Amino acid sequence: MKIKNLLFLLIFLLPFVTYAQEKSGYYINWDMNHAETSVKPSIPISNEEAKTINCYYVEFDNDNRLVSVKYYFSGQPSNHSNFGAFELVREYHSDYVIEKYKNTEGKWVENSSKIHEKKYYLNSDGYWIKKENYHNGKLLPEGVAFSKVTRNEKNEMATEIQFSAQGDTIPDGNGFKIVHFLYNKDGLTLYRQNRDEKGKIINGSQGYATVIFQFDQNGMFFEEQFLDENNDLFLHPRFDLAKINWRAFNKYGKPSRIYYMDGLGYPHEKRAYGVIEYRLNMTRESITYYDRYGERTTDGNGVGKSIYNYDTNGKYLGKTDFDLENKLIE
């Protein structure tokens with residue numbers, strides 16, 4: 001027990017984002033730890049699979065610190081990763097960490113959020129508590145320029161507030177000004193929640209107070225739902241649903257079915273589920289909608305089926321939509 005406790009203590013004290021789930025290599029996800037206490041890539045794949053399957057090459061140094069993440073689309077270097085560049089690079093200093101980005105030509109570039117560099121300031125235990133986003137050497141002029149977080153006794157992120165370059169608060173995508181978090185034992189988010197200054201759960205600007213998440217052991221979504229301040233299901237004003245459930249995952253963590261529920265938790269009246277198909281490289285190829293009886297139906301915009309389009313470099317080009325008669329929707 002003493003050796004086990006010592007190993008746990010050593011892992012816990014490593015600074016910022018520090019240890020790999022296994023080792024450097026190719027993974028479907030480059031980080032599944034939402035608490036941002038360590039980097040945990042998930043779903044490792046072989047070098048042979050990496051020639052076809054979209055993936056990330058995650059590299060750690062001799063101190064088990066993340067130093068680089070590279071994205072490959074159908075086996076080729078691509079600038080269209082989830083961080084908006086080919087490579088993410090981290091540099092470690094005594095009380096801060098720098099993150100920068102490269103394109104496939106090896107040049108330093110901005111990411112998809114117009115950020116050239118992120119600077120993470122660390123607390124005494126080595127975990128970031130303030131993050132600054134820079135564009136051309138200055139704080140990002142539009143959008144989130146910096147964020148501040150508090151951490152709990154496990155050094156997991158407990159709250160987060162986003163700010164503009166002028167210091168104004170910027171709510172998150174749910175309209176929450178101060179986001180409160182809770183995690184499971186794997187560091188995966190259980191909820192994002194809106195509370196007032198006294199800690200009372202209150203509805204945000206979109207009418208709900210909590211977003212509940214469920215993830216599998218690989219960090220893949222399998223459920224999301226919206227709750228109001230009374231803990232009741234809430235029909236999202238933009239999505240016209242209160243609960244989403246993903247099912248039938250393949251070996252690469254991709255679900256083939258997605259189910260939609262209304263404010264009462266019943267299958268959605270207009271569309272109950274969607275059937276998803278994938279290409280060989282695991283990009284989503286299409287989604288087709290069905291009602292609760294298994295008959296073809298449409299979403300709220302009259303779309304019965306969508307085809308997802310990418311160019312040869314992995315850039316997402318948008319969807320091509322069709323109605324129930326498979327006619328193109330302009």
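These exercises, each with a worked solution, explore the predicted model shown above.

Local features are read only at pLDDT of at least 70 and side-chain atom pairs only at pLDDT 80 or more, while totals for chains, interfaces and linings use all residues. Residues are numbered from 1 along each chain as its sequence is written, and side-chain values use heavy atoms, with hydrogens and water left out.

**Exercise 1. The whole protein**

Describe the protein's secondary structure, its dimensions, its surface and its charges.

Solution.
- Step 1: Begin with secondary structure. The protein has 1 helix and 23 strands; these are DSSP runs, helices being H or I with at least four residues and strands E with at least two, numbered from the N terminus.
- Step 2: Turn to dimensions. Along the principal axes, the C-alpha atoms fill a box of roughly 60 × 55 × 50 Å. The radius of gyration is 21 Å, which agrees with the value near 20 Å for a compact globule of 330 residues. It is taken over C-alpha atoms, and the globule rule is 2.2 Å times the number of residues to the power 0.38.
- Step 3: Look at burial and surface. Of the 330 residues, 45% are buried, where buried means under 20% relative accessible area, exposed over 50%, and partly exposed in between (1.4 Å probe, protein chains only). The accessible surface is about 17,600 Å², and carbon and sulfur atoms hold 49% of that area. Areas come from the Shrake-Rupley method with a 1.4 Å probe, and for residues only the protein chains shown count as cover.
- Step 4: Check contacts along the chain. Among contacts with a separation of 6 or more, 32% link residues 24 or more positions apart; a contact means heavy atoms within 4.5 Å.
- Step 5: Finish with charge. There are 42 positive and 45 negative charges, and their mean positions lie 2 Å apart. Lys and Arg count as positive, Asp and Glu as negative, with His and the chain ends not counted; each charge is placed at NZ of Lys, CZ of Arg, CG of Asp or CD of Glu.

**Exercise 2. Two buried polar residues**

Place Gln193 and Asn281 in the fold, then find their side-chain partners.

Solution.
- Step 1: Locate Gln193. This residue belongs to strand β15, residues 189-194, and is buried because its relative accessible area is 6%.
- Step 2: List the surroundings of Gln193. Beyond four places in sequence, Gln193 contacts Phe176, Ile178, Val179, His180, Ile201, Ala209 and Thr210. Its side chain also has a polar contact of 2.8 Å with that of Arg195. A polar contact is a pair of N or O atoms within 3.5 Å; within protein, one must be able to donate a hydrogen and the other to accept it, and residues adjacent in sequence count only if both atoms are side-chain atoms.
- Step 3: Repeat for Asn281. Asn281 sits in the loop between β20 (273-278) and β21 (284-290), and its 7% relative accessibility makes it buried.
- Step 4: Find the neighbours of Asn281. Setting aside residues within four places, they are Thr52, Ile53, Asn54, Phe73 and Ser74. The side chains of Asn281 and Ser74 form a polar contact at 2.9 Å.

**Exercise 3. Loop residues**

Examine His116 and Ile202 in their loops: what does each touch?

Solution.
- Step 1: Take His116, in the loop between β7 (96-102) and β8 (117-122). With a relative accessible area of 23%, His116 is partly exposed.
- Step 2: Collect its contacts. Beyond four places in sequence, His116 touches Glu99, Lys100, Tyr101, Val109, Glu110, Tyr134, His135 and Asn136. With His135, the side chain of His116 makes a side-chain polar contact of 3.5 Å.
- Step 3: Move to Ile202, in the loop between β15 and β16. Ile202 is partly exposed, at 27% relative accessibility.
- Step 4: Collect the contacts of Ile202. Leaving out neighbours within four places, they are Asn194, Arg195, Asp196, Tyr208, Ala209 and Glu229.

**Exercise 4. Backbone angles**

What is the sign of phi at Glu36 and Ala248, and where do these residues lie?

Solution.
- Step 1: Recall the background. Most residues other than glycine have a negative phi.
- Step 2: Read Glu36. Its phi is positive, near 55°. Glu36 lies in the loop between β1 (25-29) and β2 (42-44) and is partly exposed at 23% relative accessible area.
- Step 3: Read Ala248. Phi of Ala248 is positive, near 55°, and this residue is in strand β18, residues 243-249.
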